[in-house]
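Got the viewer open? Here is a walk through the model, one selection at a time.

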Amino acid sequence: MPSCRPLRAGWGSRMDQHTVLTGIGISGGIGIGRVVVLPEFDFDTSKQKADPEEASRFLNAVAALSAAIGQKQETAGAEQAEILESHMMLLGDPSISAEAQRIIEAENCNSEYAVDQVFETYAALFLASGDELFAARAADLRDIKNNLLLILDGKALFDVESLPPGSVLVAREVTTTVAAGINPDNVCALVTREGGATSHTAIIARSLGLPGVAGVSRIEAGSQVIVDGNRGKVILNPTSKVLETYRGLQEEQKARKQTLEAYRGLESVTTDGKSMVLFANIGLVTDIAHAVAADAEGIGLFRTEFLYMNRSTAPSEEEQFTAYKQVATAFAEKPVIVRTLDVGGDKEIAYLGIEKEENPFLGWRAIRFCLERQGLFHTQLRAILRASAFGRVKIMLPMISCASELKRAKALIEEVKRELSAGGILLNQQIEVGIMIETPAAVLMVDYFAQEADFFSIGTNDLTQYIMAVDRGNQNVAQLCSVYQPAMLRAIYQVAQAANRHGIECGICGEAGADPLLTRFFIGCGVHELSMTSNAILGIRERVRSGRYEVAKERVAAGIHTLRDVEQAAAFLQSI
Amino acid sequence: MLTKTIAIQNPSGLHMRPAGLFVKTVTPFQSEVLFGIRGGEYNAKSMISVLSAMVKSGDEIELRISGTDEQACMDAVVSAIESGLGE
C-alpha cells in the first residue's frame, strides 16, 4: 500500500524537511518539474431561473465543445480517434441535445441543470444495467457533461497540449483522451492516484518514455516534485540538497546512456564467442519505434492484450492483422514473438465477460480462457498466421500448465492454417509455436514440453509468484517474491538445460531479462535470448560482451545446487 | 411504413461500435427510423437511444421505417445488420 512518510533530509534547519510519497513505479526514469493537477469536476447544477438567452447559451456551449473535439481529432492516433468520434456522436445525439433544449424551454431553467438532468438520466440508466460495457459508456457521458459544464462556467477546457515545459501531470488516472494530448517535450512525468504496473497509464507512460509512479495521493498543484519512476517514489518540495542529488542522478543516467551508445549496432556476444539475442517487449504498435531506436534484435514478447484493452469490443481480424503485420514488417528478417491473448489475472477487459474471481491469478486466464472462447482465439490466430507471411512471426502460448492445453492449441493452429490455405491466403506453414514457462507444472514437465514446443520463454514475474506461492501485491510477503530465490534460479536452470538437451531455444521475457546481475547467470544456464523493455537493451549488451560463456557455464553448474537463501544467491550471481 | 423483424448477431449486441455504424447507416435517410424491442420503441438515429435499448446478441428487433425513402433505407439497414455491422 502506498504510504506517506516525511523524511529528514539532513540535520540542518527546518527548511531541510521534504516529503517522500511511496507508490508503485510504473515507468522508469527521473522527472523533475512542477505539478499540474488534472481537474476533477465539481459544479453547481442546481435549478435556477433561465437566462433570457438560455437556449443560445446552451447551443453555443455544444458548438464550442464540438469544435474542440474536432480539433483534437485532427491530430489523434487511431486509438484515440475512435473514442473522440464516439464523444462527437454522443454530443450531437438528438436524444441529448434536443432533450436538454426541451427541458430548458419547458421548465424555464438554466442550461447547467438541464445538462445535468439529461446526462445523468442516461448515465444512471447505463450504470443500472449491471453491464460493465454500458457502465463504461456512462463514464463517456460524464466526460462530455463535465466539459459542457466547464464551458458554461466560462472556464477553459483543460488542454494537456498547451501545458508549459517541465510539467508533472497528476491525475486520478490518465485516460486515453488525455494521453492523446500529451506532448513529451512539455510533460516530464506522470503521477496517478490509481492504477498499477499493468494499467493503461503505465503503458502510456512507457510508450511516451516518461517516468511514472502510480498509487500516490496528496500532491498539490504548483509544487515542485521529483518523480523517481525507478523506485516508485515522489518527493514533494525537495530540499536543494536532494534536488542536487537527483539532478546528479539524472545527469548520470544521461551520461550512461551516452556511453552505452557505443554498443549500438554491435553483436551481443561474449568474449569467447557465444551469441545471445536481445529482444524488446512491446505492447502497442507505437512501441515499435522505441524498440527499433533501442537497437532491439527482434521482438521477444508482443503483449497482444493491449490491442483488446480500453475499448468496448474485441479488435476485428483485420485490425489485428494490420497491427501484427506492421510489427512483422518493421523487423523484417528478425523474429517477432506474438503472445496470444493473456487476459485475466490482474488484466481485466470488461467486454470479455470474465466474472470477478476469488483468486484471479489461479483462475480463468490466458490459454485457459482462449481455449474456451474459441471464436475469439480463432480470430486472433487467423490474424497472426496471416501476418506470418510478412516476416519471422512466431506464436507463443501463455500459462501452459498441462499437455492437453498445448495439444488443443496446436490443433487449433493447424485447423486455422488449413482454413487459410484453402482460401488461398499466404502464410508461413512452418511457423514456430512456443510456450511461456510460467507455472511450476510446466517446469516439472519441462522435458515433455521441450519435445512438443518449438521454443520456451520463461515469464519470470509470474513464475516467481507461482513457485514461491506469493501474491506480488501483498507487502507482508513481498520480500519472498524475488527472482533471486534459489528455487527460482534452479527452475530457470532446469528449463534452460532441458531446452538445450532437446535442441530448442529458451528465452527470458520477464523483468529479470533487464537485470544486469542475472545476465551472466542466464548465459551460464544456456539461455539463448533475453527480452526486455527497450531502453535496457544496450546496457545488457554491454554486460553480455564483458563476460566469458565457458566461465559462466562452469560457475553456474558448480554453484546452482549449493544455494540456500537469497543473500547467498545474490553473492553467487555477483561472482559469476 | 415498412416493418421488418431482424436478429442482431453481433457477439456483444449493439455496443458502441456496431451501434455507431447502425446509427450512421440510417442517419442520411430522410425517413423516420424507429425500432421496437421488449415493448419499448427507440430512435435509430440516436446513438444514446440505440444504446439504451440494450440489445444483446441474438435479440430480435422490429424495424419501423416511414418516409419518402423508406425502401432504400430499409435495404441499407438490413444489409448492414446482415453483414455484421462492421464486426
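Start by selecting β14(A) and strand β15 (residues 455–458) of chain A: the two pair in the parallel sense over three bridges. For a landmark on that seam, pick A:I437, whose bridge partner in β15(A) is A:I458. Keep in mind as you click around that this is a predicted model.

Now look to the other flank of β14(A). Strand β13 (residues 392–397) of chain A also pairs with β14(A) in the parallel sense, again over three bridges. Here the pair to highlight is A:L397 and its bridge partner in β14(A), A:I435. Add helix α14 (residues 403–422) of chain A to the selection, and you have a right-handed β-α-β unit made of β13(A), α14(A) and β14(A).

How much of β14(A) is covered? Of the five residues of this strand (433–437), four are buried.

Stay on A:I435 and show its surroundings. Beyond its neighbours within four places in sequence, A:I435 is in contact with A:M396, A:L397, A:I400, A:L406, A:F449, A:A453 and A:F456. A:I435 also belongs to the largest nonpolar core, which has 102 residues; together with A:I299, A:Y324, A:V327 and A:V495, A:I435 is one of those touching the most other members. To see which element gives the most to this core, select helix α18 (residues 486–501) of chain A, with its nine residues. Nonpolar side chains in soluble globular proteins do tend to be buried together.

Before zooming out, step into the loop between β13 and α14 of chain A and pick A:M399. Its phi is positive, near 60°, and this is not a glycine. Most residues other than glycine have a negative phi, so a backbone like this is worth a look. Buried or exposed? A:M399 counts as buried because 23 C-beta neighbours lie inside 10 Å.

There's another one to compare: A:N237, in the loop between β9 (233–236) and α8 (240–260) of chain A. The phi of A:N237 is positive too, near 40°. With 15 C-beta neighbours inside 10 Å, though, A:N237 counts as partly exposed.

**The whole barrel**

Zoom out and colour β10 through β17 of chain A. What do the eight strands form? They make a closed barrel, in the order β10-β11-β12-β13-β14-β15-β16-β17, with parallel pairing. From one strand to the next, the twist averages 25°. To see where the ends of that order meet, select strand β10 (residues 277–282) and strand β17 (residues 529–532) of chain A, which pair in the parallel sense over four bridges. On this seam, A:F279 stands opposite A:S531 of β17(A).

Next, go to helix α19 (residues 516–525) of chain A. Eight of its 10 residues are buried, so α19(A) is largely enclosed by the rest of the structure. Those buried residues include A:R520 as well as A:L518, A:F521 and A:F522. Show what they pack against: α18, β16 (505–508), β17, α20 (537–545), α21 (549–559) and α22 (566–575) of chain A. Right after the helix comes A:G526, with a positive phi near 95°.

**Over to chain B**

Switch to chain B, which has three helices and four strands. Traced from the N terminus, its elements run β-α-β-β-α-β-α. Of its 87 residues, 47% are buried.

Select the strands: the four form an open sheet in the order β1-β4-β2-β3, with antiparallel pairing. At the edges stand β1 (2–7) and β3 (40–43) of chain B; each has a single partner strand, so one side of each is left without a neighbour in the sheet. For a close-up, take strand β2 (residues 32–37) of chain B, which is joined to β3(B) by four bridges in the antiparallel sense. Here B:L34 has B:N43 as its bridge partner in β3(B). Then add helix α3 (residues 70–82) of chain B, which packs on the sheet and touches β1, β2 and β4 (60–66) of chain B; the direction of α3(B) makes about 0° with that of β1(B).

**Where the chains meet**

For the last stop, show both chains. Here 17 residues of chain A are in contact with 16 residues of chain B. On the chain A side, the elements giving two or more residues are α2 (78–91), α3 (94–107), α4 (111–128) and α5 (132–152). That side divides into nine nonpolar, six polar and two charged residues.

Terms used:
Residues numbered from 1 in each chain as written. Chains lettered and ligands numbered in written order. Predicted model: local features only at pLDDT ≥ 70, side-chain atom pairs only at ≥ 80, totals over all residues. Pairing = 2+ DSSP bridges. Axes fitted to C-alpha atoms, helices over the stretch in contact; angles between N-to-C directions. Contact = placed C-beta atoms within 7 Å. Nonpolar A, V, L, I, M, F, W, Y, C, P; charged D, E, K, R; others polar. Core = buried A, V, L, I, M, F, W, Y, C linked by C-beta atoms within 7 Å. Buried ≥ 20, exposed ≤ 12 C-beta atoms within 10 Å, placed from the backbone. Right-handed = clockwise from strand over helix to strand, strands pointing away.
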